[in-house]
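Colleague: I would like a close look at one part of this model. Please take the place where the two chains meet.

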2 protein chains.
Amino acid sequence: MQMQVLKERIERDGRNLGGGILKVDGFINHQVDPLLMDACGQELARRFAGVGASRVLTAEISGIAPALMTAKYLNLPVVYARKSKPVTMPDTVYLTVAPSHTRGHAVELIISPEYLGRGERVLIIDDFLASGATILGLARLTQAAGATLVGIGTLIEKIFEGGRAALAPLGVPIESLVCITSMDNGQIVFAD
Amino acid sequence: MQMQVLKERIERDGRNLGGGILKVDGFINHQVDPLLMDACGQELARRFAGVGASRVLTAEISGIAPALMTAKYLNLPVVYARKSKPVTMPDTVYLTVAPSHTRGHAVELIISPEYLGRGERVLIIDDFLASGATILGLARLTQAAGATLVGIGTLIEKIFEGGRAALAPLGVPIESLVCITSMDNGQIVFAD
């Protein structure tokens, strides 16, 4: 089920830059609409209310806003994987490498063992589900920590990039608030 | 006036790593407590309710959570300055360079002219007020855009790093939810 308010915002303010790149800098990625993010978080929390999550996990930077709002409604802590190791982090960490096609190079995803441990039940939230590479990286970190993945939620799924199939072997529910089937010829086509 | 719930959380979960570094990775900077951030945002919004802001401005990464929650209560968009230019940003941007003493090198702060323009009234929100270097960078970007700075709010001020004096020439109200006067000898001493 598409989330109507997010779909309408993409129709109004999203831009198809070509090459499968959807610009949502006006309300998600550079300028953020807090009330829209709050509504998206509330809806993701509703969809995952039954999975028994104990942590929300995301990746900096653009996953932070939707993950924070989802975690607020689930009353859970949110952990965001860092892309570089700050001085405040212990020497030994969980680290994986994920290719980033919007950046054109691989990025590191790093989590401190202090905040993700054995026995945790992890709900991954991110802004986009595209190829699934970042989310697969977060799933590997979850596994490395001995924690259990219980669900994956995103704001916008680009169905034509195949991420859902890449994530299917993880065997957890996947929810996207809006699904886009095609961005060919400058269009933004939504799934029914 | 200190915000009691944040002060108590720092006393319980904050760690003095020496060299003036306060580790708050368990509730602000790596793992985030959404309800605490919501309460901090509500309090910052209350303190700046009268300044007539039209935009909240922060810097990625750790400013995003408090700025998002403040903006939610003020019902304003929040813009976070990027540290690298994504492909979705126009070729011509506002860019400044700010020294980062936690990173040990200068970082770029970049804002698209699409989301900060002449006539905007800017409230800067960040997690820490330390030397003030990042906030001064955000103030320069505000000026470059022809916008007006109307206030500066942070969660935690390290008074001994002198940021408030560095920001005083900007001539706007500065509010911090918690003020720390000393971190010598492994202690964390709060202002009264």
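Which residue is the bridge partner of A:Val79 in β3(B)? Please start there and work outwards through the contact.

Modeller: The model is predicted. The bridge partner of A:Val79 is B:Gln31, in β3(B). A second pair lies in these two strands: A:Val78 has B:Val32 as its bridge partner. In total, 2 bridges join β5(A) to β3(B), residues 31-32 of chain B. The two strands run antiparallel.

Now follow the sheet. β3(B) belongs to an open sheet of 7 strands with mixed pairing. The order is β11(A)-β10(A)-β9(A)-β8(A)-β4(A)-β5(A)-β3(B). Chain A supplies the strands from β11(A) to β5(A), and chain B supplies β3(B). The edge strands are β11 (189-190) of chain A and β3 of chain B. Each of these pairs on one side only.

There is a counterpart sheet. It is also open, has 7 strands and shows mixed pairing. Its order reads β3(A)-β5(B)-β4(B)-β8(B)-β9(B)-β10(B)-β11(B). Here β3 of chain A and β11 (189-190) of chain B stand at the edges. Each has a single partner strand, so one side of each is left without a neighbour in the sheet. Further inside this sheet, 6 bridges join β9 (residues 148-158) of chain B to β10 (residues 174-182) of chain B. That pair runs parallel. One of its links is B:Gly153, whose bridge partner in β10(B) is B:Glu175.

Next, the symmetry. A rotation of 180 degrees, with 0.0 Å of shift along its axis, superposes chain A on chain B. The RMSD is 0.0 Å. That is the relation of a two-fold axis. The same surface serves both copies: 100% of the contact residues of chain A recur in chain B. Within chain A, the residue that comes closest to the rotation axis is A:Ile61, with its C-alpha at 3.2 Å.

The extent of the contact comes next. Chain A gives 44 residues to it, and chain B gives 44 residues. Between them the chains bury about 3600 Å². Of that area, 61% is on carbon and sulfur atoms.

Polar links also cross the interface. The rule finds 2 salt bridges there. One of them pairs B:Glu114 with A:Lys23, with the closest N and O atoms 2.7 Å apart. In addition, 20 residue pairs are in polar contact across the interface, both residues at pLDDT 80 or more.

Which elements of chain A line this side? α2 (25-29), β3 (31-32), α3 (34-47), α4 (64-74), β5 (78-81) and β7 (105-111) each supply at least two residues to the side that touches chain B. α4(A) gives the most, with 6 residues. By class, this side of chain A has 24 nonpolar, 10 polar and 10 charged residues.

Finally, a link just after β3 within chain A. A search of the whole structure finds 24 salt bridges over all chains. Among them is the pair A:Asp33 and A:Arg9, at 2.7 Å from N to O. This pair links distant parts of the chain, 24 residues apart. A:Asp33 sits in the loop between β3 and α3 of chain A, and A:Arg9 in helix α1 (residues 4-13) of chain A.

Definitions and conventions. Residues are numbered from 1 along each chain as its sequence is written. Chains are lettered from A and ligands numbered from 1 in the order in which they are written. This is a predicted model: local features need pLDDT of at least 70, side-chain atom pairs count only at pLDDT 80 or more; totals for chains, interfaces and linings use all residues. Side-chain values use heavy atoms; hydrogens and water are left out. Copies are superposed by least squares on the C-alpha atoms of residues with pLDDT of at least 70 in both. Contact means heavy atoms within 4.5 Å. Buried area is the accessible area (1.4 Å probe) that two parts lose on being put together, summed over both. A salt bridge is a side-chain nitrogen of Lys or Arg within 4 Å of a carboxyl oxygen of Asp or Glu. A polar contact is a pair of N or O atoms within 3.5 Å; within protein, one must be able to donate a hydrogen and the other to accept it, and residues adjacent in sequence count only if both atoms are side-chain atoms. Helices (H or I, at least four residues) and strands (E, at least two) are DSSP runs, numbered from the N terminus. Ala, Val, Leu, Ile, Met, Phe, Trp, Tyr, Cys and Pro count as nonpolar, Asp, Glu, Lys and Arg as charged, and the others, Gly among them, as polar. Two strands pair if DSSP finds at least two bridges between them.
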